[in-house]
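Trainee: I would like a close look at a single part of this protein. Please take me through the salt bridge and what surrounds it.

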Amino acid sequence: MEEFLHSAGHVLSHSVADTLYLIPFLLVTYVAMEWLEHKAGGKAEAAIQRAGAAGPIVGAVVGVVPQCGFSAAAATLWAGRVITLGTLFAVLLSTSDEMLPIFVAEQVPIDVILKIVGAKIVIGMVMGFIVDAGLRIARRIDAPLHIHELCEQEHCHCHDGGGGILRSAVKHTLQVTLFVFAVTLVLNGVLEAVGEDALAEFLGANPVLSVFGSALVGLVPNCAASVVIAQLYVEGVLGSGAMLAGLLVSAGVGLLVLMRTNRHPKENAAIIAVLYAMGVGWGLLADAFGVVF
């Protein structure tokens, strides 16, 4: 019983920590979106769509900030169509999650870290521009803002009464935070029971399929995924291709926020599948060309 209580406390504390840091990112994002919806009008919408062409550049750069706050913000912004799908992919692909803290703690040479971070930024930009270009060709990139739909989905009645922008933003932030906390609690409970060693064994069991397996583990919306992948790379268990594949798709709880805010399961499934394919593709390319960081 004592061991169970210890494990339960460990899972709870980690889940709280994994969720709390998201609140500032989500709150600022929702305040900005509410301002656009209430105050900005058509001119701001037109300006956002014009600026969207450069979105993958900004997205890829901010995504490398440690942890996954910006991927959560990007998922929310895309659900409201404030940013383009290419920008969302740029952020997801460049998101570092726990990679940088692990590399720094393990004293990985700074030039190696910079090469990996640089590769993630470049890949995020390239794939972001490709996605947006494909949507332009299909004439599907100039979607109007969908911020009001988020309120309709949540049944929050943000526009019915007083309270203004901040009240609405706080409501949305709490709703998404509670969802992320609940799912994170379950995931941490499973990982506590199974153990991160199980992920390590899965990745190291078949070196030939390590690129596919690493990308699959990277999709787990929990910081444990990037921790295991980065640690195994440092230990030499994973090669450059497998490491790159896994860390490219390690968007952390950003994927949870996407599933919570964008209530179109088919779109979410397609985004996750394409993200996985991108990670695997770049990982295989890195191995094929003998890339070593």
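Mentor: Start with a term. A nonpolar core is a set of buried Ala, Val, Leu, Ile, Met, Phe, Trp, Tyr and Cys residues joined through side-chain atoms within 4.5 Å. Keep in mind that this is a predicted model.

Now the salt bridge. The count comes to one. Its partners are arginine 81 and glutamate 267, whose side chains meet at 3.2 Å, N to O. Why can such a pair form? Side chains of opposite charge can pair when their charged atoms come close.

Where do the two partners sit? Arginine 81 is in the loop between helix H4 (69–79) and H5, while glutamate 267 is in helix H15, so the pair ties together parts that are 186 residues apart in sequence. Are they buried or exposed? Arginine 81 has a relative accessible area of 14%, so arginine 81 is buried, because the cut-off for buried is under 20%. Glutamate 267 has 30% relative accessibility and counts as partly exposed.

Look at the arginine side next. Arginine 81 comes just after H4 and takes a positive phi of about 55°. H4 itself is mostly covered, with nine of its eleven residues buried. Among them are Ala74, Ala75 and Trp78. Those three residues also touch leucine 88. Leaving aside neighbours within four places in sequence, leucine 88 is in contact with Ile83, Leu258 and Ile271 as well.

Leu88 leads us to the core. The largest nonpolar core has 73 residues. Leu88, Ile271 and Leu275 are among those with the most contacts inside it, along with Phe103, Ile116 and Phe293. H7 gives the largest share of this core, nine residues.

Now the glutamate side. H15 (residues 265–288) packs with helix H14 (residues 254–261). Their axes are 10 Å apart, at an angle of about 155°. H14 and H15 are therefore roughly antiparallel to each other, since the cut-off for that term is over 145 degrees. From H14, Leu255, Leu258 and Met259 take part. From H15 come Asn268, Ile271, Ile272 and Leu275. This contact divides into six nonpolar residues, one polar and no charged.

One more helix involves H15. Helix H13 (residues 240–248) has nine of its nine residues buried. H15 is one of the elements that cover them, and H5 and H7 are included too.

So, to recap: the salt bridge joins the loop after H4 to H15. H15 also packs with H14 and helps cover H13.

Methods:
Residues are numbered from 1 along each chain as its sequence is written. This is a predicted model: local features need pLDDT of at least 70, side-chain atom pairs count only at pLDDT 80 or more; totals for chains, interfaces and linings use all residues. Side-chain values use heavy atoms; hydrogens and water are left out. Axes are lines fitted to C-alpha atoms, for helices over the stretch in contact, and angles run from 0 to 180 degrees between N-to-C directions. Helices (H or I, at least four residues) and strands (E, at least two) are DSSP runs, numbered from the N terminus. Angles under 35 degrees count as roughly parallel, over 145 as roughly antiparallel, 65 to 115 as roughly perpendicular and the rest as oblique. Contact means heavy atoms within 4.5 Å. Ala, Val, Leu, Ile, Met, Phe, Trp, Tyr, Cys and Pro count as nonpolar, Asp, Glu, Lys and Arg as charged, and the others, Gly among them, as polar. Buried means under 20% relative accessible area, exposed over 50%, partly exposed in between (1.4 Å probe, protein chains only). A salt bridge is a side-chain nitrogen of Lys or Arg within 4 Å of a carboxyl oxygen of Asp or Glu.
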